[in-house]
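Below are some comments on the model, set out as numbered points. They take up the polar contacts to one DNA strand, the surface around that strand, the relation between the copies, and one residue of a helix.

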Number of protein chains: 2
Amino acid sequence: MEDANEKSITRIDSKIGSVESAAGGSNALLDIRKMRILEAIIDDYILTASPVGSRTISKRSDMGLSPATIRNEMSDLTELGFLEQPHTSAGRVPSEKAYRLYVNRLMDSAQLTDDEMEYIRRHLDNRVSEVNAVFRETAKVLSEVTNYTSVVLVPQLSSMRIRRISLIPVSEGTALAVVVTNTGVAKNSTISIPDSIRPEDLDKISRMMTEKLEGHRLSDAVCTVLPMLRSEIGEQADAVADMLTKIEKSMSEQDVEVVGATNILDYPEYSDVSKARSFLAQVEDGEYLREVMSDASDVEMSVRIGTENSNPDMQDCSVVTVTYKAGGKNIGSLGVIGPTRMDYGKVMAVLKYMSKSLSDILSKMLGDK
Amino acid sequence: MEDANEKSITRIDSKIGSVESAAGGSNALLDIRKMRILEAIIDDYILTASPVGSRTISKRSDMGLSPATIRNEMSDLTELGFLEQPHTSAGRVPSEKAYRLYVNRLMDSAQLTDDEMEYIRRHLDNRVSEVNAVFRETAKVLSEVTNYTSVVLVPQLSSMRIRRISLIPVSEGTALAVVVTNTGVAKNSTISIPDSIRPEDLDKISRMMTEKLEGHRLSDAVCTVLPMLRSEIGEQADAVADMLTKIEKSMSEQDVEVVGATNILDYPEYSDVSKARSFLAQVEDGEYLREVMSDASDVEMSVRIGTENSNPDMQDCSVVTVTYKAGGKNIGSLGVIGPTRMDYGKVMAVLKYMSKSLSDILSKMLGDK
DNA sequence: TGTTAGCACTCATCCTCATCGAGTGCTAAC
DNA sequence: GTTAGCACTCGATGAGGATGAGTGCTAACA
C-alpha cells in the first residue's frame, strides 16, 4: 500500500495495448498458477463481496487442486501483498495491488456480449435530435448497463475553434452569449454587458466578433487575437474585450452529467449510511469528479483504484474513465464510479464501446468534421 | 388516515392568513390544554425523533401538570387520532392529522430569526450576475439553511409573453433556439430545422418571428396566432410552423433544481438504506418533484404531509412549497422536502422569506417589469 | 519436492435468554 | 379534576453458548 505504485494510475496511450504497467516488477514473481488463483479469487470477490476461502476456489476453479494447496498459494499471495485478511479465520480479500494487476492484464482483452452492445446501440440511437441530450442519454445508458454511477464530462469549449458567436439582448444590461464551435457543440451563458454598449449594437458586435474570431480558439481569442485587432475595432474595443473575457470565463466551466448516484446503495460496502452519505455528498458536489474527468481527458483509458483517488471520501471506490472524440480530437471523457470491487472487465468493455459509439454519433450529428 | 382530509392539502390564497382548514371540524374538539400538550409533543418529537412520554412533557413544559394527568390527556389525543403508539409501552408519536393541525395553526405565525435572515440575504446577494445562477443559488441556500432537500422550479416559459426569438445555426440541420420573455427570463434549446430552410435564412426568420409574435404567449403562438398569419408568411409557413412547434415543445419542459438530496441521510428515519434508496431515486428521477412543484405553482403556500403525497415512495416525507413572482405574476415555485417530522415552523418561515427575496432579486435583475 | 489429509485453533455470526427500564393503563385517594 | 401508586408490556441491551467457515501447521504421500 505504501510502495511505489501508490500514485501510478493506469494509462494507456493511443495504441491500446501498450500498458505502462503500474505494479512495478513484482508481478514477475507471480507464476501462472498463482496468477490463476488470484484471478479466481478476484472474480469471486467481485461477485459476492465476501472474503473468499480456499475451499471455494478449489471447488470452483478447474485447476484440480486441493484446498490445502490453494491455502499455501494464498498464504504466499498474502505475503506478496496481493491478498488481505479481514481477520485470522476469514477468507482472503484482494488488495488494491491485486486489482491493479488484474486491471492491467484486462486492459486489452475486455469484451462485451452482443446483447449488451445491442442494448447500448438501441438506446443511444433513440434520440439523436439534441446535442446535449446525447450526453445525458449516454450517462443514463452507461449507468443502466453497468449499474454503477456514471459521469460524462461534456466538451470544453475554450480549446475548440470558434465558428460563430452570437449575443442576444435579454434584459437591460444582460445578454445571452452563444458560442458555436467547429465541432458543432454549442454552449451559452448569460453575461452582463458594459454600459457603453446599446442593445441594438449587439447584433453588429456579434457579427464582428464572428468575423474576426472565426477559426480561433476562445482561449486564444482573449489573450492573443483580440489585442492584435484592437485598432481595427475602434472605440468599443475595451467593451468588446470585456465581454469576450466574460464569455471565455463562463464557457470554460466544465459541466459534468452524473447519473445513477444512488446505484451505489445497492452494494453492501455502502450499506453503512455514513459511508454512503460521504460518497453521495462528493458526487453531488461534483468538484472531485470534475477534477478526475478533466485529468483523464488526455489518455485513452485510465483507472483509479481506491487510494489512488486523492479525495479521501472516494478512497474506497474506483473510477474508470475513457475519452471520446469529435472531429478526430479528444473533446471530453466519460467514466464509471463503483466500489473498488467493481466488475472492471465489464466496465472497461462498456466504456470502450460507448466511447466509440458516442464519438460516432457526434461525428454523424455534426456532419462535417 | 382514510378520512376526508386525506387529499386536502393546505392552501393559502393571496391573503396570508385565510387558511382553508383541512383538519375538518375536529380540531374544535381540542381544548387549549390538549392543544398545548399536543404542541409540546410535536415539538419534542421534531427534535428527537423518538416517541415522547408523559414524564418528558410534564417536566419540560411549564404547565405544571403531573405525568398522570398528561397521560390521561394523551390517551384522549390518541383516541382522537392525533397521536399514535408504536407499541404498548412506548411513548406517543404525532399522527399526520396532528401535523396537519400544527401546520395550519403555524401558517401565519412562522417567523425567522434575524441571524437567519441575515444569512440568507448575504448569500443571495452574492452573485446576482447570472439569471440561472440565481435559481441554483437559491436552492443551495435553501438546503443549507433548512438542512433538508430543496427544490426550485425554474420559470415556465410557455405561459409568458415573448419578447424575442432567435435562431442560431449550429450545424447542418440543427439550430439553437433562444426565447426571451417579457419577464426577462431566457431559455434555449437545440432543435432540428426542416430541409427547406437554409441556414442563411434563419436570421430573417428570427426577425420575422419576433416581429409577429412579440407580446404573445409561446403556447398561444402555435395554436392561435400562427394560423392567422399563415398567408402573410408565404411559402415557408409550414416550415416555420414546424419549427415553432418544436420550440414550444422543448421550452415547455419544466426544469427543477434539486440541492441537498443527501441531507435526508442525516435523519434517523432514513438510516435504513432501502428507504434512503427509494427516496433518493425519486429525487434523482425528478418526475414527482416536477409534478408537485407545478401543481403548487398557483397557491402561495402548500404543505403535503406524508400520505398526502401521491407518490408511494414519498409517503413518509413532507413537501412544503411556496411560489415566487416576477413582474407581479407567479412564475415558479420553491420547496423543501424532509421527513414528516420536519421543522415546519422554520421551513415555512424560511420559504416565505426566500420567496420574497427571490422575487425582489428577480424584479431588480429584470429591471423593467 | 510438491501435494494433500488431518487436526487444533480462531473468530465472526447467530441464537437464546435474562435483565433493564421507559412508558402505559388502571385504580384509589386527595 | 388531579395525582400517586402499582402492575404490566415490550423493545433494547448484553452475556453466554453453539455453529461453522476458514486458517496454519504438521506429517504422510507420490
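1. A polar contact is taken here as a pair of N or O atoms within 3.5 Å, where within protein one atom must be able to donate a hydrogen and the other to accept it, and residues adjacent in sequence count only if both atoms are side-chain atoms. With that in mind, an N or O atom in the side chain of Ser89(B) is 2.8 Å from a base oxygen of DNA strand D, and the side chain of Arg71(B) places an N or O atom 3.3 Å from a base oxygen of that strand. Ser66(B) approaches a phosphate oxygen of DNA strand D through a backbone N or O atom, at 3.2 Å.

2. The model is predicted, so that local features need pLDDT of at least 70 and side-chain atom pairs count only at pLDDT 80 or more, while totals for chains, interfaces and linings use all residues. Residues are numbered from 1 along each chain as its sequence is written, chains are lettered from A and ligands numbered from 1 in the order in which they are written, and side-chain values use heavy atoms, with hydrogens and water left out.

3. Which residues come nearest to DNA strand D? Of the 21 around it (near meaning a heavy atom within 4 Å), they are Ser54(A), Arg33(B), Thr69(B), Thr88(B) and Ser89(B). Among the strand's atoms within 4 Å of the protein, 77% belong to sugar or phosphate, and the rest to bases.

4. Helices are DSSP runs of H or I with at least four residues, numbered from the N terminus. Helix H3 (67–79) of chain A and helix H3 (67–79) of chain B each supply at least two residues of the surface near DNA strand D, and H3(B) gives the largest share, four residues.

5. Superposed by least squares on the C-alpha atoms of residues with pLDDT of at least 70 in both copies, chain B falls on chain A after a rotation of 180 degrees with 0.0 Å of shift along the axis, at an RMSD of 0.1 Å. The two copies are therefore related as by a two-fold rotation axis. In chain B, the C-alpha of Val273(B) is nearest that axis, 3.3 Å from it.

6. Ser206(B) lies in helix H7 (residues 201–213) of chain B and is buried, with a relative accessible area of 6% (buried means under 20%, with a 1.4 Å probe and protein chains only). The side chain of Ser206(B) reaches the backbone oxygen of Leu202(B) at 2.7 Å.

Conventions
Buried < 20%, exposed > 50% of the residue type's maximum accessible area, 1.4 Å probe, protein only.
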